Amino acid sequence: MKKRIIGIMGAMPEEIEGVVALLSNCEVKSMGQRSYFTGQINGIDTVVVFSRWGKVAASTTVTTLIHEFKITELLFTGVAGAISPDLKIGDIVLGKRLIQHDMDARPLMKQFEIPLLSKTYLESDATHLATAQKAIEIVFENKRLHTIFSEEDLKSFSISEPRLFLGDIASGDQFFSSNEQKNNLNTQLPAVLCVEMEGAAVAQVCYEYEIPFSIIRTISDGADEQSHIDFPSFVKKISSKYAAEIIKNIFLEF
């Protein structure tokens, strides 16, 4: 039986800082211009790393986690832009299916289909999805938000009653900053809840290596003309704290 080793990736350096703080016996190994933090969370061997932005960077990072650190499962935490009008800043999307919105090899194959895999969507493992769902729901229970965030920070981003959504996440090498981009994606893929730049690429690598994965995204913006304005502040004050709290809860469920 394989030794259990959890890999944790974050798309922003601020998002892994709180997770690294959870590690006991923490050590650092530098490789490929990345720092891999190893240790234990709740007694489970864990590797935490900042993936960098984009599909190539994220794919490189998860491949290193698989080959060099022998991870047996993967958690990815980060922010995303809302595509669904039901989503508000501070909501969390748990990826049930992942799709690369910029994959287009027509006319050789259908739009969005991954070459050679004959797949358009990559599905998360049901057991890990249920574990992550429970961990996120705990964060939202009984006004716990107010023990994690200051009232001022919650008000500044108009976060009052955030919700968890399970569904489709789209990934591509674009930062969405216009309603035109958003509307085009919504027309092509109406089931997509949010958009980001790494999740589906990570999912593809994990699928090919038979590594179960969970992609957890906090909604930071509306994927429109205002998306860049409070982005750095949101990551520092909100999503980084979400990440640490959710990861801590997931490990309590393992």
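A salt bridge is counted here when a side-chain nitrogen of Lys or Arg lies within 4 Å of a carboxyl oxygen of Asp or Glu. The structure is a predicted model, and the exercises below refer to it.

**Exercise 1. Decide whether Lys134 and Glu253 form a salt bridge, and state which parts of the chain the pair links.**

Step 1. The closest N and O atoms of Lys134 and Glu253 are 3.4 Å apart. The cut-off is 4 Å, so the pair counts as a salt bridge.

Step 2. Lys134 sits in helix H3 (residues 126-140) and Glu253 in helix H8 (residues 231-253). With their positions 119 residues apart, the pair links distant parts of the chain.

Step 3. Lys134 has a relative accessible area of 44% and is partly exposed. Glu253, at 30%, is partly exposed too.

**Exercise 2. Classify the two partners of the salt bridge between Asp153 and Lys237 as buried, partly exposed or exposed.**

Step 1. The N to O distance for this pair is 4.0 Å.

Step 2. Asp153 belongs to helix H5 (residues 151-156) and Lys237 to helix H8, so the bridge ties together parts 84 residues apart in sequence.

Step 3. Buried means under 20% relative accessible area. Asp153 has 11%, so Asp153 is buried. Lys237 has 33% and is therefore partly exposed.

**Exercise 3. Repeat the analysis for Arg4 and Glu73, then give the total count of salt bridges.**

Step 1. The side chains of Arg4 and Glu73 meet at 2.8 Å, N to O. Arg4 is in the segment before strand S1 (5-10), whereas Glu73 is in strand S5, 69 residues apart.

Step 2. Arg4 is partly exposed at 34% relative accessibility; Glu73, at 7%, is buried.

Step 3. The count of salt bridges comes to 11. Arg144, Glu245 and Lys248 are linked in a network of such bridges.

**Exercise 4. Describe the largest cavity by volume, lining and class of residue.**

Step 1. A search of the whole structure finds one cavity of 30 Å³ or more. The volume of the largest cavity is about 200 Å³.

Step 2. The lining comprises 18 residues, and those closest to the centre are Val79, Phe175, Val195, Glu196 and Met197.

Step 3. Strands S5 (73-82), S9 (192-196) and S10 (213-221) each supply at least two lining residues.

Step 4. By class, the lining has 11 nonpolar, three polar and four charged residues.

**Exercise 5. Compare the span of helix H2 with the expected value.**

Step 1. H2 (residues 55-68) has 14 residues.

Step 2. From first C-alpha to last, H2 reaches 20 Å, close to the 20 Å expected at 1.5 Å a residue.

Step 3. H2 is followed by Lys70, whose phi is positive, near 60 degrees.

Terms used: Residues are numbered from 1 along each chain as its sequence is written. This is a predicted model: local features need pLDDT of at least 70, side-chain atom pairs count only at pLDDT 80 or more; totals for chains, interfaces and linings use all residues. Side-chain values use heavy atoms; hydrogens and water are left out. On a 1 Å grid over the protein atoms alone, a cavity is a set of points where a 1.4 Å probe fits but cannot get out, and a pocket is an open set with protein on both sides within 12 Å along at least five of seven lines; lining residues have an atom within 4 Å of a point. Grid points are joined across faces, edges and corners, and a volume is the space filled by probe spheres set on the points. Helices (H or I, at least four residues) and strands (E, at least two) are DSSP runs, numbered from the N terminus. Ala, Val, Leu, Ile, Met, Phe, Trp, Tyr, Cys and Pro count as nonpolar, Asp, Glu, Lys and Arg as charged, and the others, Gly among them, as polar. The expected span of a helix is 1.5 Å times one less than its number of residues. Buried means under 20% relative accessible area, exposed over 50%, partly exposed in between (1.4 Å probe, protein chains only).
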